[in-house]
Amino acid sequence: MTRTLPWQKPDPAKNYYPVPKVICQLGLSPGEIAVYSFLLFCEDRKTYQCYPSYRTIGDAVGMSRNTVCKYVRSLEEKGLIRTERTSIVLKNGRKRNGSLLYTLLPWRQAIEQFHQRQFAVAEAAAERQRAQQQLAEQAEEPPCSPL
């Protein structure tokens, strides 16, 4: 006797989209992950591009337009996406700004950029530590005697 389930097993190709595991290694905030994930959901898998508005993204992930804008800028700085301004022509012939065109960049570039930033921070910390050691050594030396 076979038992049937009251629901159908979802088709992975239709109901899911891939999120690279390395996204969790980039130190992204929950908001950045939400916005990036929505852009992955919207992207054309052949061109790696999509063009949802800030409002569309915000409605999907529960954020205000300004918050979405902040996270988009942050994702650009981290090398995960690139944005381009678009324009539309209205029926009366006037040109208006359109939604941004998002291009999702290869995550390997973002990982490399992340590691370079971490290395720069570590180098700066090491330099500060060397400077503090030099100051401490100079403070321990007795002052020069007057002539």
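Visitor: What makes strand β2 and β5 a pair, and in which sense do they run?

Guide: In this predicted model, strand β2, residues 81-84, is joined to β5 by four bridges, and the two run antiparallel. Since pairing requires at least two bridges between strands, the four bridges found here satisfy the criterion. One of the bridge partnerships sets R82 against T103 in β5.

Visitor: How do you know that strand β1 and β5 pair as well?

Guide: Strand β1, residues 49-50, meets β5 over two bridges in the antiparallel sense, and the threshold is at least two. Within this arrangement, C50 stands opposite Y102 of β5.

Visitor: What makes both faces of strand β5 count as covered?

Guide: In β5, which comprises residues 101-104, L101 and T103 lie on one side and Y102 and L104 on the other, and all of them are buried, a word that here requires under 20% relative accessible area. Y102 touches, among residues more than four places away in sequence, L39, C50, V72, I81 and R82, to name some of them. Y102 is also among the residues with the most contacts inside the largest nonpolar core, which has 26 residues; the elements giving two or more residues to that core are α2, α3, α4, β5 and α5.

Visitor: Why is E43 called buried?

Guide: E43, in the loop between α2 and β1, has a relative accessibility of 12% and therefore counts as buried, the limit being under 20%. Apart from neighbours within four places in sequence, E43 is in contact with Y48, Q49, C50 and L104.

Visitor: How do you know that the span of helix α4 agrees with its number of residues?

Guide: Helix α4 has 13 residues, 65-77, which at 1.5 Å a residue should span 18 Å, and because its end C-alpha atoms lie 19 Å apart, the two values agree. After α4 comes G79, whose phi is positive, near 80°.

Visitor: Which residues of α4 are buried, and what covers them?

Guide: The buried residues of α4 are V68, C69, Y71, V72, S74 and L75, and their cover includes α2, α3, β2 and β5.

Visitor: Why are α2 and α4 called roughly perpendicular?

Guide: Their axes come within 9 Å and cross at roughly 85°; angles from 65 to 115 degrees count as roughly perpendicular, and α2 and α4 are therefore described in that way. Where these helices meet, G31, E32, V35 and Y36 of α2 face Y71, V72, S74 and L75 of α4 in contact.

Terms used
Residues numbered from 1 in each chain as written. Predicted model: local features only at pLDDT ≥ 70, side-chain atom pairs only at ≥ 80, totals over all residues. Heavy atoms only, no water. Buried < 20%, exposed > 50% of the residue type's maximum accessible area, 1.4 Å probe, protein only. Expected span 1.5 Å × (residues − 1). Contact = heavy atoms within 4.5 Å. Core = buried A, V, L, I, M, F, W, Y, C linked by side-chain atoms within 4.5 Å. Axes fitted to C-alpha atoms, helices over the stretch in contact; angles between N-to-C directions. Parallel < 35°, antiparallel > 145°, perpendicular 65-115°, else oblique.
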